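Colleague: I have some time to go through this model with you. Could you take me through the reasoning behind the labels?

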Amino acid sequence: MNPEGIIKEALERKQKALSEFDSKRLLSLYGVPVTKEELVRTPGDAVKAARALGYPVVMKACGPEITHKTEQGLVEIAIGDDEAVARAFGELTARAGGTTDILVQEMIAGRREVAFGMTRDPLYGPCVTFGLGGIFTEILGDVACRIAPFARADADAMLDEIKGAAILGAVRGMGAVDRAALCDALTGLARLALEHHEVKEIDVNPVIIAEGRPVAVDALVVLG
Amino acid sequence: MLDAMLHARSVAVIGASKGTTETGGAKLGAAALNYLVDHGFEGPIFPVNPRYEELAGRRCYANVRDIEDEVDLALIVLRAGACVEAMEDCAAKGVKVAVVFAAGFAEAGDSALQDRLLAAAKAGGVRLAGPNTNGFINAVDNLVCCTSSVSDINPFPGGDIAFIGQSGALGGSMLGCAMEEGSGFSYSVTTGNEADLGAADYLDYLIDDDRVRVFALLLEGVGDVPKFLAAASKAARMRKPIVVYKVGLSDIGAEACVSHTSALAGSDRVFDAVCRQYGLIRVDDLAELLPTATVFSWVGDKLPRGNRVGIVTASGGISGVAADECHRWGLEIPELDAGTKAKIREFVPSYGSVRNPVDLTQQVRSFASAYQDAARMLLDLDTIDGVILLATMVGEPRASIYGKEFSTVAREASKPVIVGWAGPPGLASKGFPMLQATRTPTFRSARGAVKAMRRLYDYRTFLDRLAREAAE
């Protein structure tokens with residue numbers, strides 16, 4: 001589906017946000033690398049999806065109303081076989097309070113995490129942010145930002161601006177991060193913000209660095 | 001339209017007056033008229049005040065409508081309550097721009113009064129500057145429409161800096177201090193509440209003026225953001241640096257701004273991003289605003305190609321300080337090649353340093369041109385992008401020798417040379433002023449010099465990036 005379609009459909013259903021699955025579909029159309037994943041509604045389909053993706057997998061309850069998944073126990077990681085998939089399907093469905101879509105996604109392994117974001121400043125308009133992922137973004141406030149539109153050189157400069165910039169280089173036996181991929185994602189977010197005013201906020205966190213390649217494992221697109 | 005203000009051919013002073021207040025200062029209506037007259041504005045000046053027949057040797061009119069000749073600009077120096085009527089008179093007369101000096105509008109909570117003032121201006125096709133402003137100065141054409149006592153400095157020293165700031169009082173003090181340090185400006189505009197004309201309008205207009213080379217902005221809010229950003233882009237294309245100090249970092253600062261000029265301060269982090277994106281040189285200390293603008297003005301096109309500096313001093317102590325500051329501000333101090341070291345050794349005693357930073361030691365007293373010679377050797381190296389000359393405790397007549405050496409080196413070099421003069425200027429009574437008179441960028445500390453070099457380098461980096469993007 002094209003970006004317009006994804007957003008229009010959600011607005012017609014009066015959603016305040018896109019589900020993780022739709023958020024990632026939209027973001028991937030703008031150059032943000034995301035996990036391979038499949039949305040399923042039965043344990044059988046979940047197993048099929050898990051086999052296709054290859055074990056281990058991650059499973060999550062998925063819907064436009066579901067935002068703080070980890071806190072609500074709606075994420076199961078490192079699921080290793082068919083039996084565990086079926087069990088996780090049942091548990092997640094129960095915890096989500098009944099019927100819900102279940103997302104089966106590839107499990108990304110990496111020790112480094114970054115985050116992308118987009119907010120709309122009341123004065124300067126869309127503002128794209130880059131920082132360390134996970135809880136560090138919030139706690140350390142170590143974030144670089146640019147207002148859209150910005151040049152690719154600006155995206156590149158953002159990577160060096162955060163205090164934790166050294167983590168993007170070759171450190172502790174890990175290779176350097178694919179900067180071009182990060183720049184593509186940041187400029188893509190700017191383009192998305194400029195082209196779709198219905199998108200109020202974007203939070204892509206964490207983006208795990210797997211063998212140098214960034215992959216967004218969670219994402220939220222807020223509408224409004 | 002701003003032509004009629006910043007290059008007005010005729011000026012009416014509504015509320016012109018004479019005499020002093022109880023504390024001995026000139027009444028505002030008198031100050032506005034007298035500064036305009038005393039600075040020698042050549043066009044017609046029309047005092048307006050029904051209480052006088054004549055002021056400052058000119059016919060005084062009861063109302064601006066009574067003036068037969070064309071009036072480009074009106075300075076309205078009345079209390080807030082009387083300004084709307086005066087604006088209506090300006091509209092009827094066909095005045096093009098009116099500057100309203102009085103406070104007591106939106107900044108004091110009376111938005112309704114400001115709205116009426118603006119409505120009266122708009123209805124009559126008059127552009128409004130202020131209210132709540134100290135006015136403006138076009139120092140090139142001696143057009144001084146300003147009530148700030150900074151205009152006691154007469155004549156203004158020439159310069160190519162344009163100052164634009166929302167706060168009139170701070171604007172005056174910044175400019176006054178800068179002038180005492182040898183700097184000069186071509187324009188100064190204090191914008192006040194920006195009910196109509198804002199900082200972005202003046203910026204946009206003055207970029208095209210070839211008598212402006214550098215901008216110094218003291219901002220609370222940027223006002224019209226798209227216009228401001230467009231102006232910033234234009235300034236970058238024309239290679240005219242914009243140095244900016246922005247109030248509103250703290251929540252209390254931001255609140256003070258809102259009540260001061262009714263401007264929305266905006267998030268500081270986002271403004272920081274804007275500065276990086278548009279190549280604005282942001283200073284975090286108001287006292288650095290004009291000195292930084294002055295360095296850009298004096299250095300001109302000689303921006304450093306890289307971040308590698310050569311340092312020459314006669315004090316081992318300040319060598320260490322300078323090295324630390326370079327580290328802090330991201331400048332490199334490259335090792336010198338053996339040939340250069342040997343050449344410097346010819347006039348540096350064995351206990352001095354021929355490494356970078358070069359320490360000439362106090363033996364420098366025995367050599368007529370040690371600073372110059374060492375500086376030139378460093379400037380000639382491809383590995384050096386700029387030179388910092390540091391002086392510590394120097395009295396006369398030695399200070400005069402340094403003053404001459406430093407200014408000569410700086411003038412003749414094709415790379416930037418910045419002086420850090422850590423000693424007391426009072427004891428360098430001839431040498432220190434010589435640096436200012438020759439427009440040699442000078443700071444009172446190693447840090448000041450290092451920081452300035454870093455800013456020149458940042459701006460050069462930004463311009464290079466723009467050039468690359470344009471070429472792609």
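Colleague: What follows α3(A), and what is the sign of its phi?

Modeller: Happy to start there, with the reminder that this is a predicted model. Helix α3(A) is followed by A:G54, and the phi of A:G54 is positive, near 95°.

Colleague: Which residues of α3(A) are buried?

Modeller: In α3 (residues 43-53) of chain A, the buried ones are A:A46, A:A49 and A:A50. The label asks for 20 or more other C-beta atoms within 10 Å of a residue's own.

Colleague: And how do you know that the buried residues of α3(A) line one face of the helix?

Modeller: Looking down the axis of α3(A), the buried residues fall within an arc of 100°, so they line one face. As background, an α-helix has 3.6 residues a turn, so residues three or four places apart point the same way.

Colleague: What do the buried residues of α3(A) pack against?

Modeller: They pack against β1, β2, β3, α4 (82-95) and β4 of chain A.

Colleague: Those strands interest me. In what order do the 4 strands of the open sheet in chain A come?

Modeller: The order is β1-β4-β2-β3, with antiparallel pairing.

Colleague: What makes β1 and β3 of chain A edge strands?

Modeller: Each of them, β1 (37-40) and β3 (75-79), pairs on one side only. As for the twist, neighbouring strands of this sheet are turned by 20° against each other on average, direction ignored.

Colleague: How do you know that β2 and β4 of chain A count as paired?

Modeller: Pairing needs at least two bridges. Strand β2 (residues 57-62) is joined to β4 (residues 101-106) by 6 bridges, and the two run antiparallel. With 6 bridges set against that cut-off, they count as paired. As one example of the register, A:V57 stands opposite A:E106 in β4(A).

Colleague: Which helix lies across β1, β2 and β4 of chain A?

Modeller: That is α2 (residues 20-28) of chain A, which runs at about 110° to β2(A).

Colleague: Back at the edge strand β3 of chain A, why is A:A78 called exposed?

Modeller: The cut-off for exposed is 12 or fewer C-beta neighbours within 10 Å. A:A78 has 11 inside 10 Å, so A:A78 counts as exposed. This residue lies in strand β3 of chain A and has a positive phi of about 55° although it is not a glycine.

Colleague: And why does A:E211 count as exposed?

Modeller: A:E211 has 12 C-beta neighbours inside 10 Å, and the label takes in 12 or fewer. A:E211 therefore counts as exposed. You will find A:E211 in the loop between β8 and β9 (213-216) of chain A, with a positive phi of about 50° although it is not a glycine.

Colleague: What makes the peptide bond between A:N205 and A:P206 worth a label?

Modeller: That bond is cis, with omega about 0°. A:P206 lies in strand β8 (residues 199-210) of chain A. In chain B, the bond from B:E396 to B:P397 is cis as well, with omega near 5°, and B:P397 lies in the loop between β17 (386-391) and α14 (398-412).

Colleague: Let us move on to chain B. Why is β12(B) called largely enclosed by the rest of the structure?

Modeller: For strand β12 (residues 214-219) of chain B, 6 of the 6 residues are buried, so the strand is largely enclosed. B:V214, B:A216 and B:L218 point one way, B:F215, B:L217 and B:L219 the other, and all are buried.

Colleague: Which strands pair with β12(B), and in what sense?

Modeller: Strand β10 (residues 161-165) of chain B pairs with β12(B) in the parallel sense over 5 bridges, and B:I161 has B:V214 as its bridge partner. Strand β13 (residues 242-246) of chain B is joined to β12(B) by 5 bridges, also running parallel; here B:L218 stands opposite B:Y245.

Colleague: Finally, how many residues of chain B are in contact with chain A?

Modeller: There are 12 residues of chain B in contact with 12 of chain A. On the chain B side, α9(B) gives the most, with 6 residues.

Key. Residues numbered from 1 in each chain as written. Chains lettered and ligands numbered in written order. Predicted model: local features only at pLDDT ≥ 70, side-chain atom pairs only at ≥ 80, totals over all residues. Axes fitted to C-alpha atoms, helices over the stretch in contact; angles between N-to-C directions. Contact = placed C-beta atoms within 7 Å. Arc of directions from axis to C-beta.
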